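This report is an introduction for a reader who has not met this structure before. Please look over the sequence and the model first, then read on.

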Amino acid sequence: MQKLNFPDFSFRFKNSENKVLVFDEIRKKFIVLTPEEWVRIHVVQFLMIEKNYPKSLINVEKVIKINGLIKRYDVVVFQPNGNIFLVVECKQPNVPISQTVFDQIARYNLTLKANYLMVTNGLNHYFCQMDFEKESYLFLNDIPNYNSIIK
């Protein structure tokens with residue numbers, strides 16, 4: 001797999017039926033290693049190791065209903081009180097991050113109501129803080145560490 005713009009992390013791999021699988025610590029099972037999955041598992045490690053978010057507050061690949069349509073988010077991080085703190089949209093490395101991608105995560109966030117958004121293709125990362133009053137988002141250089149959100 002392609003080298004991504006994240007620190008080097010350790011992963012568990014195995015082969016099954018001529019496919020490479022990678023262990024997902026959140027789902028606690030091996031997942032077929034696709035380019036998007038490669039980005040997603042890096043994001044999870046980044047959140048846990050670099051940003052100190054507890055594994056227990058991270059959720060991966062869950063179904064949500066938006067305007068009657070079934071969608072699936074990539075990664076969310078919950079606050080200890082159960083509210084959603086961060087939504088992450090992952091794309092495979094060859095997919096450019098465009099306005100369409102931001103529109104997608106913004107639609108998801110109408111339902112999820114996270115304070116922060118992250119969009120990444122593994123090479124380019126964009127971080128935003130929501131301004132619900134102005135119905136917009138402010139671009140940031142990074143997202144807060146877990147320790148800074150605990151009140």
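How many residues lie between strand 2 and strand 3 in their hairpin, and which residue in the turn has a positive phi? There are four residues between the two strands, and the residue in the turn with a positive phi, of about 55°, is Lys-28. The model is a predicted one.

**The chain as a whole**

The protein chain contains three helices and nine strands. Their order along the sequence is β-β-β-α-β-β-β-α-β-β-β-α. The radius of gyration is 15 Å, which agrees with the value near 15 Å that a compact globule of 151 residues would have. Along the principal axes, the C-alpha atoms occupy a box of roughly 50 × 35 × 30 Å.

Of the 151 residues, 45% count as buried. The accessible surface is about 8,500 Å², and carbon and sulfur atoms account for 48% of that area. When contacts between residues at least 6 apart in sequence are considered, 50% of them join residues at least 24 apart.

UniProt, in an unreviewed entry, lists residues 35-144 as "domain: Type I restriction enzyme R protein N-terminal". Over residues 35-144 the chain is 27% helix and 39% strand. The C-alpha atoms at the two ends of this stretch are 26 Å apart.

**The three strands at the start**

Strand 1 (residues 13-16) pairs with strand 2 (residues 19-24) in the antiparallel sense, over four bridges. Across this pairing, Asn-15 faces Val-20 of strand 2. Strand 2 also pairs with strand 3 (residues 29-32), again antiparallel and over four bridges. Here Leu-21 stands opposite Val-32 of strand 3.

The hairpin of strand 1 and strand 2 has two residues between the strands, and Glu-17 takes a positive phi near 50° there. Asn-18 is in the loop between strand 1 and strand 2.

**Residues with a positive phi**

Most residues other than glycine have a negative phi. Several residues in this model have a positive one, including those in the table.

| Residue | Place | Phi |
|---|---|---|
| Glu-17 | hairpin of strand 1 and strand 2 | near 50° |
| Asn-18 | loop between strand 1 and strand 2 | about 60° |
| Lys-28 | turn between strand 2 and strand 3 | about 55° |
| Asn-52 | follows helix 1 | near 65° |
| Lys-113 | loop between helix 2 (99-112) and strand 7 (116-120) | about 60° |

Are Asn-18 and Lys-113 buried or exposed? Asn-18 is exposed, because its relative accessible area is 85% and the cut-off for exposed is over 50%. Lys-113 also counts as exposed, at 52% relative accessibility.

**Helix 1**

Helix 1 runs over residues 35-50. At 1.5 Å a residue, its 16 residues should span 22 Å, and the end C-alpha atoms are 22 Å apart, so expectation and model agree. The helix is mostly covered, with 12 of its 16 residues buried. Among them are Trp-38, Ile-41, Phe-46 and Leu-47, and also Glu-37 and Arg-40.

**Glu-89**

Glu-89 belongs to strand 6 (residues 84-90). Is this residue buried or exposed? Glu-89 counts as buried because its relative accessibility is 4%, and buried means under 20%. Leaving aside residues up to four places away in sequence, Glu-89 touches Asp-74, Val-101, Gln-104, Ile-105, Tyr-108, Met-118, Val-119 and Thr-120.

Notes:
Residues numbered from 1 in each chain as written. Predicted model: local features only at pLDDT ≥ 70, side-chain atom pairs only at ≥ 80, totals over all residues. Heavy atoms only, no water. Pairing = 2+ DSSP bridges. UniProt positions renumbered as here; feature names shortened; annotations may be inferred. Rg over C-alpha atoms; globule rule 2.2 N^0.38 Å. Buried < 20%, exposed > 50% of the residue type's maximum accessible area, 1.4 Å probe, protein only. Contact = heavy atoms within 4.5 Å. Areas by Shrake-Rupley, 256 points an atom, 1.4 Å probe, with all protein chains shown as cover. Expected span 1.5 Å × (residues − 1).
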